[in-house]
Amino acid sequence: MTDAPNHGTPAVVTDGFTKRFGSVTAVKELRMTVPAGSVYGLLGPNGAGKSTTIDALVGLVHATEGTVRVLGLDIRTSPVEIRRRTGILPDGFTPYERLTGREHLDAAACANGVTVDTDEALARVGLADAADRTAGGYSRGMSQRLGLAMALVGAPDLLVLDEPAAGLDPHGIKLLRRIIREEHARGATVLLSTHQLAQVEAVCDTVGIIDDGQLVAEDSAEALRRTVGTETTLRIRLAGSLDRASDLLHDLDGVAGVTAEGGALIVRCDAEQDTAGVIAELERSDVTLESYEKSHPGLEQVFEAYTDER
């Protein structure tokens, strides 16, 4: 691996990348840029072309048209160098049943031409106590942690994680997020492909959305949220009846709608600044305000806005 990744060169650039399988076009003229040093979330519905794109980045498929460059290198002409500098956790990773966790790490280190402290590497993913157990006895979550440990061997410049949270319990997901943040702090680029939008919101600074084989959006998560509107929702809890408060707020400027739900009042505001007027109106009235929570457009709304319903 390189000692200091060059943050001036994007970690991934696809220029007009097209992949056809017979008469089926899986990816069409994809132009995607993953900034070096970023945590990039790749989103898309089933069949949108995410897996084909990931496969192209790691050299498992080649472009029918266009180019794919990884770490400044062409995947067609420099596959060995790219593979040496890239850590990969594939979707549906399955370990060899007869090998121990330690043997898996040793094999990954040998393949990459590096040395690894297997005890430290396995402890980092919570498998210290299972280092010398054969992987055939691992749970789904343990297998996923082992795959993550193998992807981290050699401190790769690019870490490609395809559905990394699959099979992980809440503790495992917390550990995964911590490791992604640690790798980002180290200077690595992390490409995260997942259906779990909560994972993307938690760790990604850049998001790309693929639909029907094409990139339909690419920007920071915050910028993408702004493209689907600025509406903010208030969930308000009050002492007593909700009807009085609802009547007060229905015609208030900046309020798009008021409904009762689960003993709380749900107030949709045109913009975040309108929420202050809602709270002020309630405090001026004879209604007793107990608590309130704000929520903004999330990646779920962004995802739905940019992709077709399937």
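These exercises, each with a worked solution, deal with the predicted model shown above.

Residues are numbered from 1 along each chain as its sequence is written. Since the model is predicted, local features need pLDDT of at least 70 and side-chain atom pairs count only at pLDDT 80 or more, while totals for chains, interfaces and linings use all residues; side-chain values use heavy atoms, without hydrogens and water.

**Exercise 1. The whole chain**

Task: State how many helices and strands the protein has, and what share of its residues is buried.

Solution.
- Start with secondary structure. The protein has 11 helices and 14 strands. Helices (H or I, at least four residues) and strands (E, at least two) are DSSP runs, numbered from the N terminus.
- Next, burial. Of the 310 residues, 48% are buried. Buried means under 20% relative accessible area, exposed over 50%, and partly exposed in between (1.4 Å probe, protein chains only).
- Then the extent. The C-alpha trace spans about 70 × 50 × 35 Å along its principal axes.
- Then the surface. The accessible area is about 14900 Å², with 47% belonging to carbon and sulfur atoms. Accessible areas come from the Shrake-Rupley method with a 1.4 Å probe; for residues, only the protein chains shown count as cover.
- Last, contacts. Take those between residues at least 6 apart in sequence: 69% of them join residues at least 24 apart. Contact means heavy atoms within 4.5 Å.

**Exercise 2. Two domains and their interface**

Task: Give the bounds of domain 1 and domain 2, then describe what they bury between them.

Solution.
- Set the bounds. Domain 1 covers 12–222 and domain 2 covers 229–308. Such bounds come from an automatic or database domain assignment.
- Place the centres. Over C-alpha atoms, the centres of domain 1 and domain 2 are 40 Å apart.
- Count the contact residues. Domain 1 gives 12 residues and domain 2 gives 8 residues.
- Size the interface. The two domains bury about 850 Å² between them, 78% of it on carbon and sulfur atoms. Buried area is the accessible area (1.4 Å probe) that two parts lose on being put together, summed over both.
- Find the leading residues of domain 1. Leu197, Ile209 and Asp211 lose the most area to domain 2, together 44% of what that side buries.
- Look at one of them. Asp211 lies in strand β9 (residues 206–211). Its relative accessibility is 5%, so Asp211 counts as buried.
- Check a distance. Asp211 and Glu182 are 29 residues apart in sequence, and their C-alpha atoms are 30 Å apart.

**Exercise 3. Two residues of one helix**

Task: Decide whether Thr275 and Leu282 are buried or exposed, and list what they touch beyond four places in sequence.

Solution.
- Locate Thr275. It sits in helix α10 (residues 274–284). Leu282 is in helix α10 too.
- Read the areas. Thr275 has a relative accessible area of 2%, so it is buried. Leu282 has 0%, so it is buried as well.
- List the partners of Thr275. They are Thr232, Leu234, Cys269 and Lys294.
- List the partners of Leu282. They are Ile236, Leu238, Ala245, Leu249, Val287 and Leu289.
- Take one pair further. Leu282 and Leu238 are 44 residues apart in sequence, with 9.6 Å between C-alpha atoms.

**Exercise 4. Positive phi outside glycine**

Task: Describe the setting of Glu29 and of Glu163, each with a positive phi.

Solution.
- Take Glu29. Its phi is near 50°. Glu29 lies in strand β2 (residues 24–34). At a relative accessible area of 47%, Glu29 is partly exposed.
- Take Glu163. Its phi is about 50°. Glu163 is in the loop between β7 (158–162) and α6 (170–186). At a relative accessible area of 10%, Glu163 is buried.

**Exercise 5. A strand residue and a loop residue**

Task: Place Leu215 and Gly263, and give the accessibility class of each.

Solution.
- Leu215 is in strand β10 (residues 214–220). Its relative accessibility is 23%, so Leu215 is partly exposed.
- Beyond four places in sequence, Leu215 contacts Leu30, Arg31, Met32, Tyr40, Gly208, Ile209 and Ile210.
- Leu215 and Gly44 are 171 residues apart in sequence and 9.2 Å apart in space, C-alpha to C-alpha.
- Gly263 is in the loop between β12 (255–261) and β13 (264–269). Its relative accessibility is 52%, so Gly263 is exposed.
- Leaving out residues up to four places away, Gly263 touches Arg237 and Leu242.
- Gly263 and His62 are 201 residues apart along the chain, with C-alpha atoms separated by 56 Å.
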